[in-house]
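User: Could you take a close look at one helix in this model for me? I'd like to know how it sits in the rest of the chain.

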Amino acid sequence: MTAYGLLTLAAATLNAGTPLALAALGLALNERAGVINLGAEGMMLLAAATGFAVAFQTGSPWWGLAAGAAAGAAPAAGFALLVIVFNANQYGSGLAVMLFGSGLSAFAGGTYAGRSLERVQAGWPLLREIPWLGPTLFSLHPLVFATMALAGLSGWFLYRTRAGMLLRAVGESPESAHALGHAVGRVRLLAILAGGVCCGLAGAYLSVVYTQLWSEGMVAGRGWMALALIAFGMWHPLRILLGAYLFGGLTILQFQLQSMGVQLPSQFLAMLPYVCTIAVLALRGADPAWLRRNMPRSLGRPFLPER
């Protein structure tokens, strides 16, 4: 493969890994606060349908991305109401959000099935003229580079700011944080909303930027892969980002191998990212000591303050 071919492959990997990274970074904030949200798949589907509909009607991809972010935040707010105010089971509530988002997106997006957006050249207008790098890396959507910056900012926030340390403290011991006078519910609410916005952007990116079309079930398990990425990256934003690009590379690998004439069934190549997801979960879950060292200690546990 030529150097230009490698750059093209790297750009395709970054493009495919961006929705995974966005969703996983947002969900990692949830889990750092002690809340696990299994509704990522539904939130991403709802955001993909909403973002595509708004972009199709307005002709603006940016309005579509903004609408997708709002569509991700709305079910996240409902999830927060259930688990924070009513102390509902986090796993059951997350699955309810997933089913709700999947069903509503299929119903609301039916009108737009088979339609596509007008192709708009993305990237950086001046940098696109640079030989080799311009048509590959600098033709990527700005949200790709914003996701990289988000991973760095998330790491800085969690480990270098007072608010980030409070967020991690709530995830480790909400009782202690509450005893010190901190509003555990408010911290968890903000974390859940931030996760919803990131999942919404990830879903809208898939329909508005990555494929520029809408089809039912187009998220195709990426919400579950994002959840697996958090454990893969040990709840650290930069490692989560690298894991997302690894998974994105596996997605692109199937097309690359097919174009090179590798004689393997297409179904086998298509399942590579999901096999990797299962393997990651199995390997991480096989070591209880590793989980105790890295996983937030109050993850999935409701907090019931004394009144």
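Analyst: Quick definition before we start: the expected span of a helix is 1.5 Å times one less than its number of residues. Keep in mind, too, that this is a predicted model.

Let's take α2, which covers residues 40-58. With 19 residues, α2 reaches 26 Å from its first C-alpha to its last, close to the expected 27 Å. Now for its surroundings: 14 of the 19 residues of α2 are buried, so the helix is largely enclosed by the rest of the structure. Buried here means under 20% relative accessible area. Just after α2 comes G59, with a positive phi of about 75°.

So what encloses it? The protein chain has 13 helices and zero strands, and the elements run as α from the N terminus on. Buried residues make up 49% of the chain's 307 residues. As for contacts with a separation of 6 or more, 77% are between residues 24 or more positions apart.

Zooming out, a compact globule with 307 residues would have a radius of gyration near 19 Å, and the protein chain's 20 Å agrees with that. Along the principal axes, its C-alpha atoms fill a box of roughly 60 × 40 × 40 Å. On the outside, the accessible surface comes to about 14,400 Å², with 68% of it belonging to carbon and sulfur atoms. And for charge, the chain carries 17 positive and 9 negative side chains, the centres of the two sets lying 7 Å apart.

How values were computed:
Residues are numbered from 1 along each chain as its sequence is written. This is a predicted model: local features need pLDDT of at least 70, side-chain atom pairs count only at pLDDT 80 or more; totals for chains, interfaces and linings use all residues. Side-chain values use heavy atoms; hydrogens and water are left out. Helices (H or I, at least four residues) and strands (E, at least two) are DSSP runs, numbered from the N terminus. The radius of gyration is taken over C-alpha atoms; the globule rule is 2.2 Å times the number of residues to the power 0.38. Buried means under 20% relative accessible area, exposed over 50%, partly exposed in between (1.4 Å probe, protein chains only). Contact means heavy atoms within 4.5 Å. Accessible areas come from the Shrake-Rupley method with a 1.4 Å probe; for residues, only the protein chains shown count as cover. Lys and Arg count as positive and Asp and Glu as negative; His and the chain ends are not counted. The place of a charge is taken as NZ of Lys, CZ of Arg, CG of Asp or CD of Glu.
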